[in-house]
Amino acid sequence: MATPSGLIRALHRGTLRQNVVVDRIFSGIQPTGTPHLGNYLGAIQNWVNLQEECSSVLYSIMDMHSLTMPKEPAVLRQNILDTTAAILACGIDPKKCFLFRQSLVPEHAELAWILGCLTNVPRLLRLPQWKMKRASQNNEGTVGLLTYPVLQAADILLYKSTHVPVGEDQVLHLELAQDIAQHFNKKYGEFFPVPKAILSTTKKIKSLRDPTVKMSKSDPQKLATVNIADSPDEIVLKFRKAVTDFTSEVTYDPAGRPGVSNLVSIHAAVTGLSIKEVLHQSAGLDTAHYKMVVAESVIQKFAPIRNEIKKLQEDKSHLIKVLNEGAEKAKELAAPIYQEIRHLVGFQ
């Protein structure tokens, strides 16, 4: 049996086998530039906590996935750097996790091909993201858009990941990865762990202009989305214009009062208070004043992060170095696992 220090080294190299079960967390984020409030509260904040709790954690900038929606090359390059700066500013520490660009580890794409040959098309056609995003491409969705959930499965399984932090809208994709892992194991013998979900406890953050849909970077309404690098004036304006209703009292009723309930969820998430505590503090406030309370809480939360993002964006070479070093570590972990896969399927 490995010594404690040897166990950690073996864990990071992906060499633990058979009766030694290791938790390994994998998650990724598409490079859309500076993340928005929903990205931070729903994913990145959780990432920061997980890197402290588990000794094998991989976070990837999913630049290959980003090609499923049209991007100009120069915009994509800048978005990769801006996303990296933002998640570092939020507290992700490359000494405590592997932070890397997906496309720098070619085994992701190679494994996706193998797994795609085990996945039937009707299953992919039923996924809601295909239907929704295909509509945004004039119902002429690309092969990449259809099959990117298989690439997601490869992202996870390449490292024999055991746990994946996911939001509600990604549960079906994780279920696909679980089914693909089981199908592979049935065909070639037990090899992949079946990854489990780590569900975010944060309520889904909704658009400030339409609280029936989630906050999104691609929302055409600029006042709908709060970016974590927004200035205080921008944050105040967006919350002042947030859609609520004609009732002035601050209550939490997501079905009946989605607008004000979204504000309560945001307030609770950025302060670390419970919904009940937030409502108690807000008793007697009307929604107009409450919007400014929430705005101020968001400003205070993101002020140090915003300043750190600016500093990191000025050092492009540092950001590139972080991603390259993370990719080397990820390759070291992926290579022996992928060589075993090649042997199992008959490539060698």
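Let us walk through this structure, from its two domains to a few pairs of side chains. Keep in mind that the model is predicted.

Start with the overall layout. The protein chain falls into two parts: domain 1 covers 25-204, and domain 2 covers 232-312. If you take the centre of each domain over its C-alpha atoms, the two centres are 29 Å apart.

Now look at where the two domains meet. Here 13 residues of domain 1 are in contact with 13 residues of domain 2. How can we describe the size of such a meeting place? The size of an interface is often given as the accessible area lost when the parts come together. For domain 1 and domain 2, this buried area is about 990 Å², and carbon and sulfur atoms give 80% of it. How many salt bridges cross between domain 1 and domain 2? The rule finds zero. Polar contacts tell a similar story: the count between the two domains is zero residue pairs, with both residues required to be at pLDDT 80 or more. On the domain 1 side, helix H2 (37-53) and helix H4 (73-89) are the elements that give two or more residues to the surface touching domain 2. The residues on that side of domain 1 divide into eight nonpolar, three polar and two charged.

Next, search for aromatic rings that pair up. The whole structure holds eight aromatic pairs. Take Trp 47 and Tyr 59: their ring centres are 4.2 Å apart and their planes are at 5 degrees, so this pair counts as stacked. Trp 47 belongs to helix H2 and Tyr 59 to strand S2 (residues 57-61), so the pair links parts of the chain 12 residues apart.

Finally, turn to charged side chains. The count of salt bridges comes to eight. One of them joins Arg 101 to Asp 63, with the closest N and O atoms 3.0 Å apart. Arg 101 sits in strand S3 (residues 98-101), while Asp 63 is in helix H3 (residues 63-66), and this pair links distant parts of the chain, 38 residues apart.

Notes: Residues numbered from 1 in each chain as written. Predicted model: local features only at pLDDT ≥ 70, side-chain atom pairs only at ≥ 80, totals over all residues. Heavy atoms only, no water. Domains from an automatic or database assignment. Contact = heavy atoms within 4.5 Å. Buried area = accessible area lost by both parts, 1.4 Å probe. Salt bridge = Lys/Arg side-chain N within 4 Å of Asp/Glu carboxyl O. Polar contact = N/O pair within 3.5 Å; in protein donor to acceptor, adjacent residues only side chain to side chain. Helix = DSSP H or I, 4+ residues; strand = E, 2+ residues; numbered from the N terminus. Nonpolar A, V, L, I, M, F, W, Y, C, P; charged D, E, K, R; others polar. Phe/Tyr/Trp six-rings, centres within 6.5 Å; stacked < 30°, edge-to-face > 60°.
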